[in-house]
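Please open the model in your viewer and keep the selection panel at hand. The stops below go from strands to helices, then to an enclosed space and to charged side chains.

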Amino acid sequence: MAEERPVLVATEADDLTADMVINELNRRNVPVVRFNPADIGADLTVSARFGICPAPVAGQMHTPSRTADLSRVRAVYWRRPEWPRFPYLPPDDSRFAAAQVRYGLGGILYALDGPLWVNHPLRIAVADYKPTQLALAQRLGLTVPPTLVTNAPADARKFIAAHGQVISKPLRWTPYERNGVPLTGWADPVTADEIDDSVRVTPHLFQARVDKIADLRVLIVGRRTFTVRIDSGLLDWRRDYSALSYTVEGLPRGVNKALLAYLDHVGLVSGSFDLAVDRAGVHWWLELNPNGQWGWLEGKTGLEMSAAFADLLTRGVIS
């Protein structure tokens, strides 16, 4: 039997953040169909009809324990799901099969009429470009650190010479291993002497270092804003979570208004923003993560973040 007006939750198998939201939805007696695109096959099947029924798209999604009527989905929580890779197939067959899932299952989901997406994966993809983020943040009146994106070594050296303390950070986080050891790209100091011709291989992001006294992680869910101050003394607070302390703060009205306008501009319902605060109290834009982590902050602060997601998904509209 199909769940009545379900919320679809697309996520990987072990995701504590998704679990927090699902638990809140369960408390509201909202039907949930949780799935992972990587489970296509025995644990996930989908059938959609086009040009047959009065509705433009009709059909069902089946998991081992749930069935969703695709014409009655109220909301979709797109929470870092995995797409299948088919490693057991030859390389060409694997690429072909993976493409069929993305454009078949993905196309069916994107064709649904009316559900609220938190967030739509195509919107997430567009919003994930750091150079675009920097330009839009400045257009909306936010304070952006001087930044250079280049693969020209001479330009990089000139930028570092002009701004003194400069950091380099990846343009996008990407799974990466060296000699079997997982590596993460941090924000790291860089000097002009370190710039060599290897910079030519790809664009690099160089940014004047903000003389910050604290970091802010700002989570917006619909129209609700949660602001947490993170004190660490670290250039990149993600390096050592044991060194962090957390304080719930308010956000200046103008900054909050600009962040809401930012989400509206890129078509997102929720986002995790990283800001830095300097000694003069200026809020500096660092970046937006369209599908960022926030679950640990709820545990540290008691802020009702998962309840805000559940409320939004239950309503199926932004209010």
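Two strands are taken as paired if DSSP finds at least two bridges between them. Keep in mind throughout that this is a predicted model.

**Stop 1: strand S9 and its two partners**

Select strand S9, residues 166–169, and then add strand S12, residues 188–190, which runs antiparallel to S9 and is joined to it by 3 bridges. Within this pairing, isoleucine 167 has proline 189 of S12 as its bridge partner. Next add strand S13, residues 204–208, which pairs with S9 in the antiparallel sense over 4 bridges, and look for valine 166, which stands opposite alanine 208 in S13. Now show the side chains of S9: which of them point one way and which the other? Val166 and Ser168 share one direction while Ile167 and Lys169 take the other, and all of these residues are buried.

**Stop 2: the open sheet of five strands**

Move on to the open sheet in which 5 strands follow the order S16-S15-S14-S17-S18, with antiparallel pairing. Strand S16, residues 245–249, and S18 stand at the edges with a single partner strand each, so one side of each is left without a neighbour in the sheet. If direction is ignored, neighbouring strands of this sheet are turned against each other by 25° on average. To inspect one pairing of this sheet, select strand S15, residues 224–231, together with S16, since the two pair in the antiparallel sense over 5 bridges; valine 228 stands opposite valine 248 in S16.

**Stop 3: helices H6 and H4**

With the sheet still displayed, add helix H6, residues 253–266, which lies across strand S14 (212–221), S15, strand S17 (270–278) and S18, and which runs at about 145° to S17. Then select helix H4, residues 130–139, and colour its buried residues, namely Lys130, Gln133, Leu134, Leu136 and Ala137. What covers these buried residues of H4? The cover includes helix H3 (121–127), strand S8 (147–150), S13, H6 and S18. Following H4 you will find glycine 141, whose phi is positive, near 90°.

**Stop 4: the cavity and asparagine 291**

Rolling a probe the size of a water molecule over the atoms shows where empty space is left. A search of the whole structure finds 1 cavity of 30 Å³ or more, and the largest cavity holds about 80 Å³ of space. Its lining comprises 14 residues, of which Ser270, Pro290, Asn291, Gly292 and Phe309 lie nearest the centre of the cavity. The elements that give two or more residues to this lining are S6 and S17.

From the lining, pick out asparagine 291, which is found in the loop between strand S18 (283–289) and helix H7 (295–301). Is asparagine 291 buried or exposed? With a relative accessible area of 15%, asparagine 291 is buried, because the cut-off for that class is under 20%. Leaving aside residues up to four places away in sequence, asparagine 291 touches Trp78, Arg79, Arg80 and Ile124.

**Stop 5: salt bridges**

Side chains of opposite charge can pair when their charged atoms come close. The structure holds 19 salt bridges, and a few of them deserve individual selection.

Begin with arginine 72 and glutamate 4, which form a salt bridge whose closest N and O atoms are 2.6 Å apart. Arginine 72 lies in the loop between strand S5 (67–69) and strand S6 (75–79), whereas glutamate 4 belongs to the segment before strand S1 (7–11), so the pair ties together parts that are 68 residues apart in sequence. Arginine 72 is partly exposed, its relative accessible area being 35%.

Go next to arginine 95 and aspartate 92, where the closest N and O atoms of the salt bridge are 2.2 Å apart. These two residues are 3 apart in helix H2 (residues 91–111), which means that about one helical turn separates them. Arginine 95 is exposed at 53% relative accessible area, and aspartate 92 likewise counts as exposed at 55%.

Finally, select Glu24, Arg27, Arg28 and Asp311, which are linked in a network of salt bridges. In the bridge between arginine 28 and glutamate 24, the closest N and O atoms are 2.9 Å apart. Arginine 28 counts as partly exposed at 29% relative accessibility, while glutamate 24, at 15%, counts as buried.

Conventions:
Residues are numbered from 1 along each chain as its sequence is written. This is a predicted model: local features need pLDDT of at least 70, side-chain atom pairs count only at pLDDT 80 or more; totals for chains, interfaces and linings use all residues. Side-chain values use heavy atoms; hydrogens and water are left out. A salt bridge is a side-chain nitrogen of Lys or Arg within 4 Å of a carboxyl oxygen of Asp or Glu. Buried means under 20% relative accessible area, exposed over 50%, partly exposed in between (1.4 Å probe, protein chains only). Contact means heavy atoms within 4.5 Å. Axes are lines fitted to C-alpha atoms, for helices over the stretch in contact, and angles run from 0 to 180 degrees between N-to-C directions. On a 1 Å grid over the protein atoms alone, a cavity is a set of points where a 1.4 Å probe fits but cannot get out, and a pocket is an open set with protein on both sides within 12 Å along at least five of seven lines; lining residues have an atom within 4 Å of a point. Grid points are joined across faces, edges and corners, and a volume is the space filled by probe spheres set on the points.
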